[in-house]
Amino acid sequence: MCNTKYVCHAAGRETIAFFDSKKYDIEAFETVNGGRYELRWYDTKLSIDSVELARGKDAVCCFVNDTVDRAVIDRLCDMGIGLLLVRCAGYNNVDLSAAK
């Protein structure tokens, strides 16, 4: 996605920001996480207006209706976030050329 050195936060645990989080997401991911990662939950969709919530996190996990265009990806890179996770079957909401 960008030339970012991967950095761990929270006492050695990576922090993942989940956007457009639903109750079932929280229950499922918290169950399998087992404390390995620090998970941050946001019910807002990822967009240029909400991307600032990702500041200080190691990774971002988006959902099907989030906007992951060049502006969002550039902002994530500027924040040092180099890992974008997609929790949906498709990825048409992600600007793949910007993500390379």
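The following exchange asks what stands behind the labels given to this predicted model.

Reader: How confident is the predictor in the chain?
Author: The chain averages a pLDDT of 88, and 88% of the residues score at least 70. Among the elements, β1 has the highest mean, 97, and helix α3 (residues 96-99) the lowest, 88. Over residues 4-10 the pLDDT is below 50. That stretch still has 17 contacts in the model beyond near neighbours in sequence.

Reader: What makes the sheet open, and in which order do its strands run?
Author: Four strands form the open sheet, in the order β2-β1-β3-β4. The pairing is parallel. β2 and β4 (83-86) are the edge strands, since each pairs on one side only. From one strand to the next, the twist averages 25°.

Reader: How do you know that β1 and β3 pair?
Author: Pairing needs at least two bridges between the strands. β1 and β3 have three bridges, in the parallel sense. The requirement is therefore met. One of the bridge partners is Cys-61 in β3, opposite Phe-18.

Reader: Where does α1 pack, and at what angle to β2?
Author: α1 packs on the sheet and touches β1 and β2. Its direction makes about 175° with that of β2.

Reader: Why is the pair of Phe-29 and Trp-41 called tilted?
Author: Take the distance first. The ring centres are 6.4 Å apart, and the limit for a pair is 6.5 Å. So the rings count as a pair. Now the angle. The planes stand at 50°. Stacked would need under 30 degrees, and edge-to-face over 60. The value fits neither, so the pair is tilted.

Reader: What does that pair tie together?
Author: Phe-29 lies in helix α1 (residues 23-33) and Trp-41 in strand β2 (residues 38-41), so the pair ties together parts twelve residues apart in sequence. Phe-18, Phe-29 and Trp-41 form one aromatic cluster. The count of aromatic pairs comes to four.

Reader: Are Phe-29 and Trp-41 buried or partly exposed?
Author: Partly exposed. Buried means under 20% relative accessible area, and exposed means over 50%. Phe-29 has 29%, so it falls in between. Trp-41 has 21%, so it falls in between as well.

Reader: What makes Asp-20 and Lys-22 a salt bridge?
Author: The N to O distance is 2.7 Å. The cut-off is 4 Å, between a side-chain nitrogen of Lys or Arg and a carboxyl oxygen of Asp or Glu. The contact lies within it, so the label holds.

Reader: Why does Asp-20 with Lys-45 count as a salt bridge?
Author: The closest N and O atoms are 3.7 Å apart. That is within 4 Å, so the pair counts. It links distant parts of the chain. Asp-20 sits in the loop between β1 (15-18) and α1, and Lys-45 in the loop between β2 and β3 (59-62), 25 residues apart. Asp-20, Lys-22 and Lys-45 are linked in a network of salt bridges.

Reader: How do you know which members of this network are buried and which are partly exposed?
Author: Asp-20 has 3% relative accessibility, under the 20% limit, so it is buried. Lys-22 has 28%, so it is partly exposed. Lys-45 has 39%, so it is partly exposed too.

Reader: What is the phi of Asp-20?
Author: Its phi is positive, about 55°. Asp-20 is not a glycine. Most residues other than glycine have a negative phi.

Reader: How many salt bridges are there in the whole structure?
Author: Six. One of them joins the side chains of Glu-38 and Arg-40, at 2.3 Å from N to O. Glu-38 has a relative accessible area of 14%, under 20%, so it is buried. Arg-40 has 36% and is therefore partly exposed.

Reader: Why is Ala-59 called buried?
Author: Its relative accessibility is 1%. The limit is 20%, so Ala-59 counts as buried. Ala-59 is in strand β3.

Reader: Which residues does Ala-59 touch?
Author: Leaving out residues up to four places away in sequence, Ala-59 touches Thr-15, Ile-16, Ala-17, Ile-81, Leu-83 and Leu-85. The C-alpha atoms of Ala-59 and Leu-84 are separated by 5.9 Å, with their positions 25 residues apart along the chain.

Definitions and conventions
Residues numbered from 1 in each chain as written. Predicted model: local features only at pLDDT ≥ 70, side-chain atom pairs only at ≥ 80, totals over all residues. Heavy atoms only, no water. Phe/Tyr/Trp six-rings, centres within 6.5 Å; stacked < 30°, edge-to-face > 60°. Helix = DSSP H or I, 4+ residues; strand = E, 2+ residues; numbered from the N terminus. Buried < 20%, exposed > 50% of the residue type's maximum accessible area, 1.4 Å probe, protein only. pLDDT = per-residue confidence, 0-100. Contact = heavy atoms within 4.5 Å. Axes fitted to C-alpha atoms, helices over the stretch in contact; angles between N-to-C directions.
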